[in-house]
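Here is a friendly walk through one protein chain, from a single strand residue out to the whole fold. Have the viewer open as you read.

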Amino acid sequence: NMKYRALRLDSGNYAWGSENITKKVRILDVVYNASSNELVRTKTLLKNTIIQIDAQPFKQWYLKKFGLDLGKKKKGGDKKEDATEEAEKMSRHVIFKQKARASKQKLDPAV
């Protein structure tokens, strides 16, 4: 029994385990497969394959939930740009809710 054709997957549901959230995201690349480098070269998806995904849906969720923008580099003393950059108006209740969540949140520095 030979397998001649496989599914072409470009997206799927992936979970951010520590934040307990699942989003539908695009699959960008196959990075590592323990069984064979041939599977990495042909971008074959198997169980326990390490892949690279598009993190934008998770970044948008994190911004909405905690009010913090992930993946942005912080610059030295430009506090005026941060105030003008945040043009989205939020109620006082939402601002305090996000500050309370952010104070309890522990995020890996690599993220």
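## Starting at Thr22

Let's begin with Thr22, which sits in strand β2, a stretch that covers residues 21-32. Please keep in mind that this is a predicted model. Is Thr22 buried, partly exposed or exposed? With a relative accessibility of 49%, Thr22 falls in the partly exposed class, because that class ends at 50%, above which a residue counts as exposed.

Which residues does Thr22 touch, once those up to four places away in sequence are set aside? The partners are Asn13, Tyr14 and Ala15. These contacts can be placed on the fold, as strand β1 spans residues 11-16. Thr22 also has a relation to a residue further along the chain: Pro57 is 35 residues away in sequence, yet the C-alpha atoms of Thr22 and Pro57 are 9.5 Å apart in space.

## The aromatic rings

Now for the ring pairs. The count of aromatic pairs comes to 6. One of them joins Trp16 and Trp61 in an edge-to-face arrangement, with 6.3 Å from centre to centre and 75° between the planes. This pair connects distant parts of the chain, since Trp16 belongs to strand β1 while Trp61 belongs to helix α2 (residues 56-66), 45 residues apart. Trp16 is buried at 18% relative accessibility, and Trp61 is buried at 18% as well.

Trp16 has another ring partner in Tyr62. Why is the pair of Trp16 and Tyr62 called tilted? Their ring centres are 5.8 Å apart and their planes meet at 35°, so the pair counts as tilted; angles under 30 degrees would be stacked and angles over 60 would be edge-to-face. Because Trp16 is in strand β1 and Tyr62 in helix α2, this pair ties together parts of the chain 46 residues apart in sequence. Tyr62 is buried, with a relative accessible area of 1%.

Which residues make up the ring cluster? Pairs of rings join Trp16, Phe58, Trp61, Tyr62 and Phe66 into one cluster.

## Two positive phi values

As background for the backbone, most residues other than glycine have a negative phi. Against that, Lys43 has a positive phi near 55°. Where is Lys43? Lys43 lies in the loop between α1 (37-41) and β3 (50-53), and with a relative accessible area of 48% it is partly exposed.

Asn48 also has a positive phi, near 65°, and is again found in the loop between α1 and β3. Is Asn48 buried or exposed? Asn48 counts as exposed, at 66% relative accessibility, because the exposed class holds residues over 50%.

## The chain as a whole

Stepping back, how many helices and strands does the chain have? The secondary structure comes to 4 helices and 3 strands, and along the sequence these follow the pattern β-β-α-β-α-α-α.

The chain has 111 residues, of which 15% count as buried. Its exposed area is about 10000 Å², with carbon and sulfur atoms supplying 51% of that area. As for contacts with a separation of 6 or more, 47% of them are between residues 24 or more positions apart. The ring pairs described above give examples of such separations: Trp16 and Trp61 are 45 residues apart, and Trp16 and Tyr62 are 46 residues apart.

How values were computed:
Residues numbered from 1 in each chain as written. Predicted model: local features only at pLDDT ≥ 70, side-chain atom pairs only at ≥ 80, totals over all residues. Heavy atoms only, no water. Buried < 20%, exposed > 50% of the residue type's maximum accessible area, 1.4 Å probe, protein only. Contact = heavy atoms within 4.5 Å. Areas by Shrake-Rupley, 256 points an atom, 1.4 Å probe, with all protein chains shown as cover. Phe/Tyr/Trp six-rings, centres within 6.5 Å; stacked < 30°, edge-to-face > 60°.
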